Amino acid sequence: MRKMIFFSVLVLSIISMSISCKEEQTEKVTHSQKLPDPYQEKHRPQFHFTPEAKWMNDPNGMFFYKGKYHLFYQYYPDSTVWGPMHWGHAESKDLVHWKHLPIALYPDSLGLIFSGGAVVDLNNTSKFGTKENPPIVATFTHHNLEGEKAETNDFQTQSIAYSLDEGVKWTKYGHNPVIPNTEGIKDFRDPKVVWHEKSQQWILVLAAYDKVKFYASPNLIDWTHLSDFGIDGDIRLWECPDLFPIKVEGSDEEKWALIVSIQKNAPNGGTASSYFIGHFDGKTFTSDVKKQKWLDWGADNYAFVTWNNIPKDDGRIIGIGWMSNWQYAQIVPTENWRSAMTLPRELKLTRSNTDYHLISSPVKELQALRKDSTLISPFQVEDRHVLEASFSPSQFEIVMEIDLKETTAGSFGFELKNDLGENLVITFDKGGDMLYVDRTNSAKTKFSEDFFGKKHYAPLNYDEDTMNIQLFVDASSLEIFVNGGKLSFTDIFFPSEKFNTVSLFSQKGAWKIKDTKIYSLNSIWKPRKK
């Protein structure tokens, strides 16, 4: 969760009054009554998760249980800008279609409900349930507004809640917080828990300003501090950590991945999700390389975390991120809602010599969205080629294989454009070993210099004979996956009118394309009955 230090005392007072009126509400809150068909409004994604209305940010408390994926998220049900944080809730049987559920956690006398995780306590170590009906236990940060107003340093603490009905209704533990802020760390939040099999205990990792802290517990209630991990000399704010074991593809070698989100000075400005690969022995995390790597090079994939309790016969590690950036998240030009989640992604670990890379690719379940498809035989682009097929230029997927050996162009790529002359350009710079996404002319109204100020980049290797590109476009976002997710790139955009043309272009030579498939994609939302 972002620390909103820029709020004035007046605004904090207003928020405090709001909390006192809402404390421990139990009624279901919906906004569908106000919006006859909220999923048809301008800029609304059609196959990404969004709340029906109001503000959303970080994904929280994600777990799989009895055939359903549960997604909680930071939520303010009274405005389209950040405010008193709740946990919103949705569930899905397929990671694609989502059902909105009642708000899970409300602010209380201990504070707002900031980010955290949730686990299925299968052995009932917490004694909150039974082995026959194991509890779901959520770990989250309580953010005390009075403490923040008083400028203390201990206003963030870690608490727990449990559910005995598969995550719908929650009971907060009566002796919260379970991890007090004894060191007086102002940014002390976002607890995520994993079961450590070798030591037979729960491990909790949380962000403590410019590092993470590890704790252990036998029962999810009593926690002991184990160790810290950080980068010497790096004082950027860390948030939303995640820790999990992962095997190297094609081998039995197991490593540990530590994901941390960085709140400023990411490669393309502002916030981004990064990771370390190393070893965790049940007490200490040791990184193979001290410098973090980037899970996504775009400007708009933050707070990426994974689902707990994925079945062993599935075996995947699946996560999702918040598709925005704190530089401009509160002023993007949406009306009734703000923010979407990225596509759910599968994480895999690859090894090249002694170096490890965490790659992310869209989950296979998303293929169910494909309807009309167009297969284009091998061809080459020498200047510009407009794609003409039965797909919407604002809602599609392209899967393409490039013959790099036969491509003579110095650069090539895609242009999305509308009749107003607004455009977004994706450039594969073969000569410079880079990928660029230029959204600087994607809208006439420049609502943020941080948003429109410069084109975004990522380093990209063109040494292989072929390159695979998978591109998703959904109303106001794009996600690019190169070579099976070795590079992923997420950017959002808000044209005045929908893009209605997709063109391919090449510069200084020919772009040789071996195989192209274009898919129309269905909406995941059913039209609301009138």
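**View 1. Strands around the second largest pocket.** In this predicted model, strand 17 (293-294), strand 21, strand 22 (355-362) and strand 33 (487-492) each bring at least two residues to the lining of the second largest pocket. Strand 22 gives the most, with four residues. The pocket has a volume of about 690 Å³, and 24 residues line it. Look for His357, Ile359, Asn461, Lys486 and Leu487 if you want the lining residues nearest its centre. Sorted by class, the lining holds 10 nonpolar, eight polar and six charged residues.

**View 2. The largest pocket and its lining.** Here the volume is about 1,300 Å³. The lining is made of 39 residues, and those nearest the centre are Val194, Trp195, Pro245, Ile310 and Lys312. Elements that give two or more residues to this lining include strand 5 (112-120), strand 9 (188-196), strand 14 (254-262) and strand 21 (345-352). Strand 13 has the largest share, six residues. By class, you'll find 18 nonpolar, eight polar and 13 charged residues in the lining of the largest pocket.

**View 3. An open sheet of six strands.** Going across the sheet, the order is 25-34-27-28-29-30, with antiparallel pairing. At the edges sit strand 25 (384-386) and strand 30 (456-459), each paired on one side only. From one strand to the next, the twist averages 15°.

**View 4. Strand 29 beside strand 30.** Zooming in on one edge of the sheet, strand 29 (residues 434-438) and strand 30 run antiparallel and are joined by four bridges. To get your bearings, find Met434, which stands opposite Pro459 in strand 30.

Terms used:
Residues numbered from 1 in each chain as written. Predicted model: local features only at pLDDT ≥ 70, side-chain atom pairs only at ≥ 80, totals over all residues. Heavy atoms only, no water. Pairing = 2+ DSSP bridges. Axes fitted to C-alpha atoms, helices over the stretch in contact; angles between N-to-C directions. 1 Å grid on protein atoms, 1.4 Å probe; cavity = no way out; pocket = protein on both sides within 12 Å on 5 of 7 lines; lining within 4 Å. Points joined across faces, edges and corners; volume = space filled by probe spheres on them. Nonpolar A, V, L, I, M, F, W, Y, C, P; charged D, E, K, R; others polar.
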